[in-house]
Amino acid sequence: MDVRTSDAGTGTCPPGAPAAPPPGPRPAEAVPPGPAYPWCSGPDGLGVHPDDLPDGLVIADENGRVTCFNAAAARLTGTPSADALGLPVDRALPLEDLEGRRWWALTDPYGGLAIRAGQPERNLLLPGGREVLVAARYVRDRPTGPVRRLVVSLRGTEARRRTELSHAELIATVAHELRSPLTSVKGFTATLLAKWERFTDDQKRLMLETVDADANRVTRLIAELLDISRIDSGRLEVRRQPVDLTAAVRRHVQAHTEAGHGPERFHIRVREPLPRLWADPDKVDQVLGNLLENAVRHGGGTVTIDLVPTVTHNGAEGTAVTVSDEGPGIPEESMARVFTRFWRGSKRGGTGLGLYIVKGIVEAHGGAITVGRARGGGAEFRFTLPVGTPAFMK
């Protein structure tokens with residue numbers, strides 16, 4: 001939304017909006033502390049004040065004098081709003097680029113090229129070396145006309161730094177996880193190529209099986225990275241088909257028993273009838289596989305899987321699946337971080353990406369997932385999936 005000002009400091013509304021109140025202070029019950037900023041009455045009759053904006057807003061008039069310096073700008077710069085109003089914009093907002101050059105001298109909004117409409121967002125420095133993200137817009141009465149108003153937005157760099165740190169951590173984790181299996185693959189293949197005739201068939205088979213297992217590990221990691229990329233960008237595709245959740249759970253339990261875990265360690269409880277579910281079978285398998293693997297690896301005692309019909313968080317018919325164990329559980333202070341990247345319940349392997357992906361898959365289906373403490377003291381994960389019936393079936 002444009003917050004417009006005039007030399008007198010009164011506001012005007014965008015075309016089509018209800019008329020702004022007459023010049024002068026706002027009603028007593030609506031006046032915030034600090035200087036009287038311009039404001040605009042929106043379609044719902046509520047005033048939009050510059051101090052309501054989450055980002056810093058600085059507006060200068062045609063003479064380069066500051067007419068608006070909102071609370072967020074004061075917080076980012078450390079300059080009180082009352083001190084900034086009326087100052088030349090280059091004094092109220094002394095910005096430098098990362099090479100120490102004065103930004104206002106470089107950009108020259110009032111005397112530079114008349115065809116420029118503004119400046120794209122970039123990192124600049126405030127006095128003391130603090131970084132801010134700055135973008136500017138030049139408001140002209142006509143193309144190539146003189147600048148009548150300069151609008152500058154300011155944002156802190158904390159969110160961007162958190163994103164960059166997360167990306168750096170992801171790269172470091174991936175590099176670490178890839179190094180081990182690739183080193184193994186390289187070692188075994190080089191050994192076989194150099195000394196093939198010296199090994200027995202059983203030795204060759206063992207080494208090739210190890211290479212195959214390590215290659216599968218690399219493939220799984222790459223699949224996780226692709227899933228994370230799609231989840232973060234909102235492009236995770238869900239290919240819905242009829243899914244028998246009970247059969248899927250039994251299939252995963254059978255895989256664990258064939259891997260050496262006793263059948264008595266798993267307890268499946270189903271409350272019939274379950275609604276017919278339309279979901280992506282591969283992604284449902286991914287969710288079940290991750291939750292059961294965590295319960296077996298990090299939990300203890302009996303792993304219980306409950307399937308019951310339910311109503312999802314948005315009121316749709318669906319199915320709830322609960323996976324609980326009797327292990328040590330998850331500390332209360334860690335539960336808020338369980339579904340974040342790189343969270344590990346213990347130091348026993350894993351990338352810490354599985355539960356982040358599980359949450360993304362469940363939410364892509366329109367469901368929800370929670371974590372808590374089971375009655376037996378262990379961890380309890382519960383996710384719900386709506387029936388997801390395709391529109392052409394309704």
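Contact here means heavy atoms within 4.5 Å. With that cut-off in hand, the cover over helix α9 in this predicted model can be spelled out: α6, α8 (281-298), β15 (368-373) and β16 are among the elements that sit over the buried residues of α9. Those buried residues are G354, L355, Y356, I357, V358, G360, I361 and V362. That is eight of the eleven residues of α9, so the helix is largely enclosed by the rest of the structure. Just past the end of α9, G366 adopts a positive phi of about 90°.

Zooming out for a moment, the chain contains nine helices and 16 strands. Of its 394 residues, 40% are buried. Looking at contacts with a separation of 6 or more, 59% of them involve residues 24 or more positions apart.

Back to α9 and one of its covering helices. The axes of α6 (residues 201-233) and α9 come within 10 Å of each other and cross at roughly 50°. That angle makes α6 oblique to α9, and the crossing is left-handed. On the α6 side, the residues involved are E224, D227, I228, I231 and D232, and they meet Y356, I357, G360 and I361 of α9. Sorted by class, this contact has five nonpolar, one polar and three charged residues. Y356, I357, G360 and I361 also turn up in the list of buried α9 residues.

Helix α6 has another partner in α5 (residues 158-195), and here the axes come within 9 Å and cross at roughly 160°. The cut-off for roughly antiparallel is over 145 degrees, so α5 counts as roughly antiparallel to α6. This crossing, too, is left-handed. From α5, the contact draws on L170, V174, E177, L178, S180, P181, L182, S184, V185, F188, T189 and L192, which meet K204, M207, L208, T210, V211, D214, A215, R217, V218, L221 and L225 from α6. The class tally for α5 with α6 comes to 15 nonpolar, four polar and four charged residues.

Next, the aromatic side chains. A pair of aromatic rings is described by the distance of the centres and the angle of the planes. The structure holds two such pairs. One of them joins F339 and F381 in an edge-to-face arrangement, with 6.1 Å centre to centre and 80° between the planes. F339 lies in the loop between β14 (317-324) and α9 (354-364), while F381 belongs to strand β16 (residues 379-386), so the pair ties together parts that are 42 residues apart in sequence. Both rings belong to buried residues: F339 has a relative accessible area of 13%, and F381 comes in at 7%.

Strand β14 also houses S324. This serine has a relative accessibility of 11% and so counts as buried. Setting aside residues up to four places away in sequence, S324 touches T302, V303, T304, A374, A379 and E380.

A partly exposed case is E131, which is found in strand β8 (residues 131-140). Its relative accessibility is 22%, and because buried requires a value under 20%, E131 counts as partly exposed. Apart from neighbours within four places in sequence, E131 is in contact with N123, L124, L125, T157 and R161. The C-alpha atom of E131 is separated by 10.0 Å from that of T77, a residue 54 places away along the chain.

Finally, a few backbone details in the loops. The peptide bond running from E272 to P273 is cis, with omega near -5°. P273 itself sits in the loop between β11 (266-270) and β12 (277-279). D108 has a positive phi of about 45° even though it is not a glycine. The loop that holds D108 runs between α4 (103-107) and β7 (118-125), and D108 is partly exposed there, with a relative accessible area of 35%. T144 is also a residue other than glycine with a positive phi, here near 65°. T144 is placed in the loop between β8 and β9 (147-156).

Note on methods:
Residues are numbered from 1 along each chain as its sequence is written. This is a predicted model: local features need pLDDT of at least 70, side-chain atom pairs count only at pLDDT 80 or more; totals for chains, interfaces and linings use all residues. Side-chain values use heavy atoms; hydrogens and water are left out. Rings of Phe, Tyr and Trp (its six-membered ring) pair if their centres lie within 6.5 Å; planes under 30 degrees apart count as stacked, over 60 as edge-to-face and the rest as tilted. Helices (H or I, at least four residues) and strands (E, at least two) are DSSP runs, numbered from the N terminus. Buried means under 20% relative accessible area, exposed over 50%, partly exposed in between (1.4 Å probe, protein chains only). Axes are lines fitted to C-alpha atoms, for helices over the stretch in contact, and angles run from 0 to 180 degrees between N-to-C directions. Angles under 35 degrees count as roughly parallel, over 145 as roughly antiparallel, 65 to 115 as roughly perpendicular and the rest as oblique. A crossing is left-handed if the near helix is turned anticlockwise from the far one by less than a right angle, and right-handed if clockwise. Ala, Val, Leu, Ile, Met, Phe, Trp, Tyr, Cys and Pro count as nonpolar, Asp, Glu, Lys and Arg as charged, and the others, Gly among them, as polar.
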